[in-house]
Amino acid sequence: MTAKNRQMQSFDVMVLGAGIVGVSTALHLQRLGLSVALIDRKHPGEEASFGNAGIVQRNGFVPHAVPTQPLKLLGILFGRSSAVSLDIATVFRLLPWLRQFHAAGSARGVEAYSRAVAPFRAFAVEEHLDLAHATNAERFYRHGGWLHLYRSETAFQEGDFERQYARVFGVAYRELSAGDIGSLEPALSAQGLRGVHWPESCSVSNPGAVIDTFWRHFIYEGGGYFRADARKVKQESGGWQVEGELGTVFARQAVVALGAWSMDLLERLGESYPLAVKRGYHMHYRPLSGASLSRPVVDVENGFALTPTDNGIRLTTGVELAERDAPPNPAIIKLAKRRAEELIPLGRALQDQPWMGSRPCLPDSLPVVGPSVKFPGLWLNFGHGHDGFTLGPVTGRLLASMIAGKQPFLDPAGLSPLRFAT
Ligand SMILES: Cc1cc2nc3c(=O)[nH]c(=O)nc-3n(C[C@H](O)[C@H](O)[C@H](O)COP(=O)(O)OP(=O)(O)OC[C@H]3O[C@@H](n4cnc5c(N)ncnc54)[C@H](O)[C@@H]3O)c2cc1C
């Protein structure tokens, strides 16, 4: 590398992290006329944004809860739940976070969550389709919603809490009998099941390819892409600077969109947020003849999803509370597969090992989007939890407008970093 090649490149904004959140933010900044450098240590969209269930959820007004029923807790402790699994040492470390998470599941917490998230969900599908249209990624999008499946009448009745909020926010749904489920998805063994169809959501056949396509458009439009370790970003000359593989990158403003790794940088800078990680797995299976799905289906009690993808049926698991960097636990996908096969025959596995990803989760289940509380010129867009694929484009647009000094198209107050300021 010659000294000339290693010259510093300057941009208006550097976006740290090229998952769905970072790439969407970068595209929106570019649309607003700013020069943008996207920074990642890998190819874009290779972490959580790669392996999710690909659902863009119009519904979802009740945050995921900590199970408190004794039977469910016993099942979790003995490793028999495919919805939640735990590493006990991690649970002890996370006790303060879990307390806050539990409090956010109270009636008042749910009310606050639903009000904060509703405007973002209202725009989620539209914002995805807008980016898909602009970047020629529409071929990955599928309409027709998704299904919630319930194995017991009790669970179906408990799910009415979510449906009540859907009624409040005007989100369409249809309650399904076993016969209705069979008509919508003939491959499912629907006997004894109840279900709910959420027709206003959409889904994609390949989340990783969607991000790759968004990113290619960003590059085509003149965006910069640099491989660098974002933990090494430092404040310099009234802006932010990082050493990339091909030289130094400088920008007046920086966005932290590092998903589950956001604290690796922020804690080093001296700014802290209660970010925990909920891990999840996926595995692809060859659909057996006549056993395909036309939309994602979620087994609510067992916490897994089955999504038809370009690479076969993708089985994604529920939540594992374990250290982000601990080795994967293959037993979790095995358990989910056993439960999934009670609903649909799954053919040969199409990969040797399950994929594992980390959902970046704040205790109120909302992301932080807005200016850093400590550093002028530093902006935050992380903590999207179970909904990052859904909300990445909409929070990307919101943050980009704030950085560009435009009137935000949605009220950002509910997602403000200030709610965690101490
Ligand atoms: C099993 C599973 C199923 C899911 N299903 C859905 C779903 O159906 N719908 C939905 O809306 N959401 C779903 N999610 C959640 C969703 O995937 C995440 O919320 C979302 O992908 C988070 O996006 P992100 O851009 O914040 O993070 P990521 O996609 O993880 O991106 C973070 C980026 O930061 C980069 N990075 C990290 N550290 C550094 C460093 N030091 N230097 C440089 N770069 C770095 C990484 O390489 C990565 O590219 C699911 C998640 C899982 C695990």
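**Notebook: the ligand shell and its setting**

I sorted the shell around the ligand by class and found 15 nonpolar, 18 polar and 10 charged residues; Ala, Val, Leu, Ile, Met, Phe, Trp, Tyr, Cys and Pro count as nonpolar, Asp, Glu, Lys and Arg as charged, and the others, Gly among them, as polar. I note that the model is predicted, that local features need pLDDT of at least 70 and side-chain atom pairs pLDDT 80 or more, and that totals for chains, interfaces and linings use all residues. Residues are numbered from 1 along each chain as its sequence is written.

I then listed the 43 residues that surround the ligand, taking a residue as near if its C-beta atom, placed from the backbone, lies within 6 Å of the molecule. The closest are Gly-19, Asn-52, Gly-259, Gly-280 and Gly-388. Elements giving two or more residues to this shell include helix 1 (20-31), strand 14 (276-287) and helix 13 (388-403). Helix 13 gives the largest share, 4 residues. Helices (H or I, at least four residues) and strands (E, at least two) are DSSP runs, numbered from the N terminus.

I looked up the domains, whose bounds come from an automatic or database assignment. Domain 1 (9-49 + 209-274 + 364-420) and domain 2 (65-105 + 139-202 + 276-361) both give residues to the shell, so the ligand lies between them.

For the whole protein chain I recorded 13 helices and 22 strands. Along its principal axes the C-alpha trace spans about 65 × 45 × 40 Å.
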